[in-house]
Amino acid sequence: MVGREKELRIRFAPGRCELVEEDVDIPSRRVLITGATGLLGRAVFKEFRENNWNAVGCGYRRAQPRFEQINLLDSIAVHDIIHDFQPHVIVHCAAERRPDVVESQPDAASQLNVAASANLAKEAAGVGAFLIYISTDYVFDGTSPPYKETDVPNPLNLYGKTKLEGEKAVLENNEGAAVLRIPVLYGEVERLEESAVTVMFDKVQFSNKSANMDHWQQRFPTNVKDVAAVCRQLAEKRMMDPSVKGTFHWSGNEQMTKYEMACAIADAFNLPSSHLRPITDSPVVGALRPRNAQLDCSKLEMLGIGQRTPFRAGIKESLWPFLIDKRWRQTVFH
């Protein structure tokens, strides 16, 4: 289903250009994405838009000009955009996701991760929109993986606690909502620091300096494109089946420590890895992390939902623009 709408387009003719009104097709399925300027939000926005959804993204600090600028702590602004746009689906990607930042700014993190999520859930219920709340594997303590959706959470750090509180607030205020727990993400970053995976690339590339890499915590790096596909598939399944709700898990299936990820990155780009040093002790600084919070994804898989990009292929696609030795690009991509 599509609607028709007028749009101004520039038409070029010999010797001149003119502004003309043209009919454009507007998809009838509407989705609102919060945190659309972030790593995951950008991928979710793109996935829906490329699959015949009318997608509106909102951000805050980096919103202009592509996305709506909305402060999610401003309940009136949130109410207005939801009532004006009347989305069928809302994907709530916006969060403070950096554990050490949450520890140092607990009140601000709780406002965004819990209070804003509760309000969004209420507003979504008010217009009958299906809300997907993005959560984390850090709701678990990592002592007895793999974790099913029914397993009892026990977050070790404040980030995990605020996201778990956000889950509860969402489901209390909107019984038809979904919670999607995911692990560490990577993808097409705007800067390397956007992901805990891609941020390692500089240490990999500067092989003249030895670098200590964590070899204790077991991670499951997951491509944001895959999470975006899962969000869209979940939304489309829900459009046909109102029983699709509650908590779900999605994750990549390649288990790696940060040291192993760094070695895989080096290998993908034919770079040396002998300067990378595995540290097998548990980290002593920063927020506590779970040792292995592997997520069991069989519930989504049973619904026929899922997509997984092999890590080496995904990381190569994500990181090659940040390669310092430009000669390598020519040999691999030409």
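What is the volume of the second largest cavity? In this predicted model, the second largest cavity has a volume of about 50 Å³. The search behind this value covered the whole structure and found 2 cavities of 30 Å³ or more. Twelve residues need not be taken one by one here, but the lining of the second largest cavity includes D137, Y138, P183, F220 and N292. Also part of this lining are Q217, Q218 and R219, together with P290, R291, A293 and Q294. Sorted by class, the second largest cavity is lined by 5 nonpolar, 4 polar and 3 charged residues.

The largest cavity holds about 80 Å³ of space. Its lining is made up of 14 residues, and those closest to the cavity centre are P221, D226, G252, N253 and T309. By class, 7 of the lining residues of the largest cavity are polar, 4 are nonpolar and 3 are charged.

One of the residues that line the second largest cavity, N292, also takes part in a contact between distant parts of the sequence. N292 and S144 are separated by 148 residues in sequence, yet their C-alpha atoms are 7.8 Å apart in space. S144 is located in the loop between β7 (130-136) and α5 (158-173). The relative accessibility of S144 is 46%, so this residue counts as partly exposed.

The strand β7 belongs to an open sheet of 7 strands. The order of strands in this sheet is β5-β4-β3-β6-β7-β8-β12, and the pairing is parallel. At the edges of the sheet are β5 and β12 (246-249), each of which pairs on one side only. Within the sheet, strand β3 (residues 30-34) runs parallel to β4, and 5 bridges join the two. In one of these pairings, R30 has N54 in β4 as its bridge partner.

Aromatic side chains were examined next. The whole structure contains 6 aromatic pairs. Among them is the pair of F45 and F67, which is edge-to-face, with 4.9 Å from centre to centre and 90 degrees between the planes. F45 lies in helix α1 (residues 39-49), whereas F67 lies in the loop between β4 (54-59) and β5 (68-69). The two residues are 22 residues apart, and the pair links distant parts of the chain. F45 has a relative accessibility of 5% and therefore counts as buried. F67 is buried as well, with a relative accessible area of 8%.

The rings of F201 and F269 form a pair that is tilted, because their planes are at 40 degrees, and the ring centres are 5.1 Å apart. F201 is in helix α6 (residues 201-205) and F269 is in the loop between α8 (258-268) and β13 (276-279), so this pair ties together parts that are 68 residues apart in sequence. F201 is buried, with a relative accessible area of 0%. The value for F269 is also 0%, and F269 is buried.

A further ring contact involves a charge. The charged end of K299 sits over the ring of F248, at 4.5 Å from the ring centre.

Terms used. Residues are numbered from 1 along each chain as its sequence is written. This is a predicted model: local features need pLDDT of at least 70, side-chain atom pairs count only at pLDDT 80 or more; totals for chains, interfaces and linings use all residues. Side-chain values use heavy atoms; hydrogens and water are left out. On a 1 Å grid over the protein atoms alone, a cavity is a set of points where a 1.4 Å probe fits but cannot get out, and a pocket is an open set with protein on both sides within 12 Å along at least five of seven lines; lining residues have an atom within 4 Å of a point. Grid points are joined across faces, edges and corners, and a volume is the space filled by probe spheres set on the points. Ala, Val, Leu, Ile, Met, Phe, Trp, Tyr, Cys and Pro count as nonpolar, Asp, Glu, Lys and Arg as charged, and the others, Gly among them, as polar. Rings of Phe, Tyr and Trp (its six-membered ring) pair if their centres lie within 6.5 Å; planes under 30 degrees apart count as stacked, over 60 as edge-to-face and the rest as tilted. Helices (H or I, at least four residues) and strands (E, at least two) are DSSP runs, numbered from the N terminus. Buried means under 20% relative accessible area, exposed over 50%, partly exposed in between (1.4 Å probe, protein chains only). A charge sits over a ring if NZ of Lys or CZ of Arg is within 6 Å of the ring centre and within 35 degrees of the ring normal. Two strands pair if DSSP finds at least two bridges between them.
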